[in-house]
Amino acid sequence: MAQKQIDWSNLGFGYIKTDKRFVATYKDGQWSEGKLVEDETIVLHESACVLQYAQTVFEGLKAYRTKDGEIVCFRPDLNAARMAESCRRMRMPVFPEDKFVEAVIETVKANADWVPPYGSGASLYIRPYLFGSDAVIGVKPATEYQFRIFVTPVGPYFKGGVRPLTLRISDYDRAAPNGTGHIKAGLNYAMSLYAIVDAHEQGYDENLYPDSKTRSYVEETGGANVLFVTKDQKVVTPKSDTILPSITRRSLMTVASDYLGLATEERKIPLTELEEFAECGLCGTAAVISPVGRIVDHGKEITYGMEKMGPVTEKLYNTLRSIQMCEIPAPEGWICKIL
Ligand SMILES: *Cc1c(COP(=O)(O)O)cnc(C)c1O
């Protein structure tokens, strides 16, 4: 075993086949033990529930190499709990949470050569997913399922420097009231594709979705939560039942209060308040935080700064990154040692 020879710092965010992937199957009311396989393809029935009715949920997390050369991942228990929640909402059988974490560890271990070196900015992206695999025609949940995990190395998010994003307030909806916005289901992404391509065509990086019911409160983008910093350095994030509970965002709120001594608040944020804030960032596993430089709300421009990350955003980013890389002590249970 030896680390793969890859130009890690120039790696993008795309699929690269690694050595092993984990597969467990659900049949007759039971999950199989699960095993590692080499084949990256899946043979499915033409009428599989996932293909016809999109019965699928997923997770995303990363493994890193630390300064001491260890391989770790970040709060996988929260991904396990969130996938369990997603499964319950989709009437899918939960893959047991402790087994989920074990399977993540096993899959990363089997692909340890693909974990990028410390300091490269690259990491090993881990994608657990679960879908209905047997044939259905009438609309009902599948009776057979697969839980799988693959991993793929991904490059540094801010290649060529940090570039603050421009968002638009979207006229499309992401999540219906009482719908599935709070779970990580493929269907939320399928319906966002039109809006994201349209945003790009109009020159925006992302859609910032308001709540679908009143269109007057900030929710999140298609794949990241949002946080704001007030002029007096309070960290504020929207509260809503239709936002996906980002693990990065929840961790950053703890970092803000416990590491940086900042006041934090999770509350409804009216669109009319956007211009009051000093800084804005998007949070998710991919980037930790991407600074938002500008939000365009139907012709009205709100600017936070297009040059660089805001000072508080940068402190949040650096602190969480240092925790993840084990450069500074982490709160109990945040770092899961793999190798
Ligand atoms: C995955 C996801 C996020 C980010 O969650 P993390 O756990 O921080 O990676 C935010 N919003 C949506 C809609 C997501 O699907």
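What classes of residue make up the lining of the largest cavity? In this predicted model, that lining has three nonpolar, two polar and three charged residues. The cavity itself has a volume of about 40 Å³, and a search of the whole structure turns up one cavity of 30 Å³ or more. Its walls come from Arg 174, Ala 175, Tyr 209, Pro 210, Ser 212, Glu 219, Glu 220 and Thr 242. Two elements, β10 (206–210) and β11 (218–220), each give two or more residues to this lining. As for how such spaces come to light, rolling a probe the size of a water molecule over the atoms shows where empty space is left.

Glu 220 leads straight on to the ligand. Besides lining the largest cavity, Glu 220 places a polar side-chain atom 2.7 Å from a nitrogen atom of the ligand. Backbone atoms join in as well: a polar backbone atom of Ala 224 is 3.4 Å from a nitrogen atom of the ligand, while a backbone N or O atom of Ile 247 sits 2.9 Å from one of the ligand's oxygen atoms. The ligand on its own would expose 380 Å², and the protein buries 96% of that. Around it there are 15 residues, with Lys 184, Tyr 189, Ser 246, Thr 248 and Thr 285 the closest. Sorted by class, this shell has seven polar, four charged and four nonpolar residues.

Then there is the second largest pocket, with a volume of about 310 Å³. Its lining counts 15 residues, and those nearest its centre are Asp 211, Lys 213, Glu 219, Ser 240 and Thr 242. Two of these names are familiar from the cavity: Glu 219 and Thr 242 also appear in the lining of the largest cavity. By class, the pocket lining splits into six charged, five polar and four nonpolar residues.

Aromatic side chains round off the picture. The structure holds 17 aromatic pairs, and one of them brings together Phe 22 and Phe 147. The two rings meet edge-to-face, with 6.1 Å from centre to centre and 65° between the planes. This pair ties together distant parts of the chain, since Phe 22 belongs to strand β1 (residues 21–27) and Phe 147 to strand β8 (residues 145–154), with the two 125 residues apart.

Note on methods:
Residues numbered from 1 in each chain as written. Predicted model: local features only at pLDDT ≥ 70, side-chain atom pairs only at ≥ 80, totals over all residues. Heavy atoms only, no water. Near = heavy atom within 4 Å. Polar contact = N/O pair within 3.5 Å; in protein donor to acceptor, adjacent residues only side chain to side chain. Areas by Shrake-Rupley, 256 points an atom, 1.4 Å probe, with all protein chains shown as cover. Nonpolar A, V, L, I, M, F, W, Y, C, P; charged D, E, K, R; others polar. 1 Å grid on protein atoms, 1.4 Å probe; cavity = no way out; pocket = protein on both sides within 12 Å on 5 of 7 lines; lining within 4 Å. Points joined across faces, edges and corners; volume = space filled by probe spheres on them. Helix = DSSP H or I, 4+ residues; strand = E, 2+ residues; numbered from the N terminus. Phe/Tyr/Trp six-rings, centres within 6.5 Å; stacked < 30°, edge-to-face > 60°.
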